[in-house]
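Here is a short tour of one model, written to be read with the structure open beside you. Follow along at your own pace.

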Amino acid sequence: MISIRRRLIISIVLLLSVLWLAATAWAVYDMRQGLQTALDARLASSARMVQTLIGRGDISLASPQPRASSLDQVLNGGLRGEAGLTCQLWSLDGELMSLSQGAPVMAAPQDIPDGYSNRIIDGEHWRLFALTDPTSALRVVTAEKRELRRALLAGIAVAVSTPFALALPAMLLLVWYGVGRGLRPLQSLRDSLQQRHADALEPVAPDGVPIEVAPLVDSLNRLFTRLRQAFERERRFTGDAAHELRTPLAGLKTQLQLARAAEGEQRERALAQAEAVTDRMGHLVQQLLELARLDAGRAPEGRSDAADVARAVIAECSDRAEAQEVALRWQANARSHVAIAPAMLHTALRNLIMNALAHAPAGSRIDICLSVTASHALIEVLDEGPGIPPEQLERVRERFYRSPAADREGSGLGLAIVAAIVERYGGELVLTNRSPGLRATLRLPLASPADSGF
């Protein structure tokens with residue numbers, strides 16, 4: 001796996017190299033165009049200068065034979081013809097009048113047009129400029145080898161590219177140093193995390209963290225917070241389970257010991273008590289598992305028909321209600337789909353009704369009502385029991401908390417499970433006293449049309 005440092009260095013060096021090469025290519029191209037223009041201008045100005053000197057008589061053409069003349073001095077300042085420009089003077093009828101040192105001899109000078117042109121003479125490439133002077137009846141032809149131009153252009157290209165070649169190692173070192181310095185906060189963060197113990201879940205200090213890394217640090221801190229909460233839930237769950245199971249296990253052991261030592265009716269009574277303790281333990285374990293699933297965020301998604309679920313729960317609880325001589329009455333002013341899984345709504349509503357039955361006196365009734373607002377469905381369970389002291393209305397939501405007036409055989413988890421379920425789905429459990437009894441209200445969000453399948 002390639003490191004961020006190496007990736008950044010390679011990317012920056014490649015980018016700078018491409019930009020520098022592009023700039024070099026553009027500079028060479030621009031210089032080439034400027035050089036061609038300047039050298040062409042020199043050809044033309046040299047031809048016009050020779051024409052002017054002939055007109056003034058500074059250049060003598062007394063000898064009709066081709067010879068080196070003062071043209072070399074005029075064109076190249078006394079240097080050899082190979083070092084610069086050459087010049088030829090022709091009559092209008094094609095007779096060679098004079099030429100400078102190194103100038104090519106053309107077979108058909110009359111075919112050369114006025115102005116610029118390129119010719120191959122004796123296997124060499126030449127750049128020409130021809131000028132016709134009708135006053136002196138002469139044609140002035142200046143020429144320059146194209147090889148000289150290519151050599152000059154190559155020298156310029158080398159001069160332009162040499163700084164890049166020399167600066168490349170320095171650029172690599174600077175990029176390596178700059179990237180390393182820029183990534184130093186990441187290295188510090190890595191070292192800090194590596195030095196942590198496995199159980200160290202404190203937030204990472206954001207001091208000195210760059211803006212680009214701040215979201216990563218925030219995400220890490222949120223992860224540490226969730227892990228810390230999960231570990232705390234597990235420790236609390238383990239401690240609560242051990243505490244709550246200790247008493248019924250002791251009772252179960254006692255009843256089994258009694259059953260072993262007794263006979264007849266006493267033995268049967270002890271076994272019946274042991275079976276009842278086992279049932280309570282099974283109910284407690286089931287509630288603990290439900291809480292563990294809710295704490296872990298594994299509650300299923302879905303929607304429910306609140307009226308159908310409520311009727312199913314009422315039918316399930318009707319036998320116990322009849323045994324206690326308590327009437328269950330169902331009222332609904334509308335049908336409603338709520339944003340909660342049917343199994344979770346069934347569990348929450350069953351716990352509320354069973355809690356109401358645990359406190360309802362014989363001959364009373366429990367009303368289960370469904371109403372709908374613009375954004376929520378309200379399911380109310382109203383009993384005629386003793387209610388809850390006002391100072392304990394919030395505490396009864398706590399796990400394993402039992403009101404002093406409550407049934408001591410309860411686990412203290414029923415209302416805690418209801419609160420955890422509805423809060424998991426964005427709802428709310430509201431407990432208020434009434435005269436007489438308690439009103440427990442489930443405030444549940446309505447399902448959207450897409451969730452409801454409408």
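## A sheet and its helices

In this predicted model, helix H3 (residues 146-182) lies across S3, S4 and S5, and its direction is at about 40° to that of S5. These strands belong to an open sheet of five, with antiparallel pairing and the order S2-S1-S5-S4-S3. At its edges are strand S2 (96-99) and strand S3 (115-121), each of which pairs on one side only. From one strand to the next, the twist averages 25°. Helix H1 (residues 4-56) also packs on the sheet, where it touches S1, S3, strand S4 (124-133) and S5.

The two helix directions can be set out as follows.

| Helix | Strand | Angle |
|---|---|---|
| H1 (residues 4-56) | S4 (124-133) | about 40° |
| H3 (residues 146-182) | S5 | about 40° |

Within the sheet, strand S1 (residues 86-91) and strand S5 (residues 138-145) are joined by six bridges in the antiparallel sense. Here Cys-87 stands opposite Thr-142 of S5.

Now take a look at helix H7 (residues 306-323). With 18 residues at 1.5 Å each, H7 should span 26 Å, and its end C-alpha atoms are indeed 26 Å apart. H7 has a kink of about 45° centred on Cys-317, and Cys-317 is also one of its buried residues. Among the elements covering the buried residues of H7 are helix H8 (342-359) and strand S9 (365-372). At the N-terminal end, Asp-305 acts as a cap, with a side-chain oxygen 3.1 Å from the backbone nitrogen of Ala-307. After H7 comes Glu-325, which has a positive phi near 60°.

Definitions and conventions
Residues are numbered from 1 along each chain as its sequence is written. This is a predicted model: local features need pLDDT of at least 70, side-chain atom pairs count only at pLDDT 80 or more; totals for chains, interfaces and linings use all residues. Side-chain values use heavy atoms; hydrogens and water are left out. Helices (H or I, at least four residues) and strands (E, at least two) are DSSP runs, numbered from the N terminus. The expected span of a helix is 1.5 Å times one less than its number of residues. The bend at a residue is the angle between axes fitted to the seven residues ending there and the seven starting there. Buried means under 20% relative accessible area, exposed over 50%, partly exposed in between (1.4 Å probe, protein chains only). Contact means heavy atoms within 4.5 Å. A polar contact is a pair of N or O atoms within 3.5 Å; within protein, one must be able to donate a hydrogen and the other to accept it, and residues adjacent in sequence count only if both atoms are side-chain atoms. Two strands pair if DSSP finds at least two bridges between them. Axes are lines fitted to C-alpha atoms, for helices over the stretch in contact, and angles run from 0 to 180 degrees between N-to-C directions.
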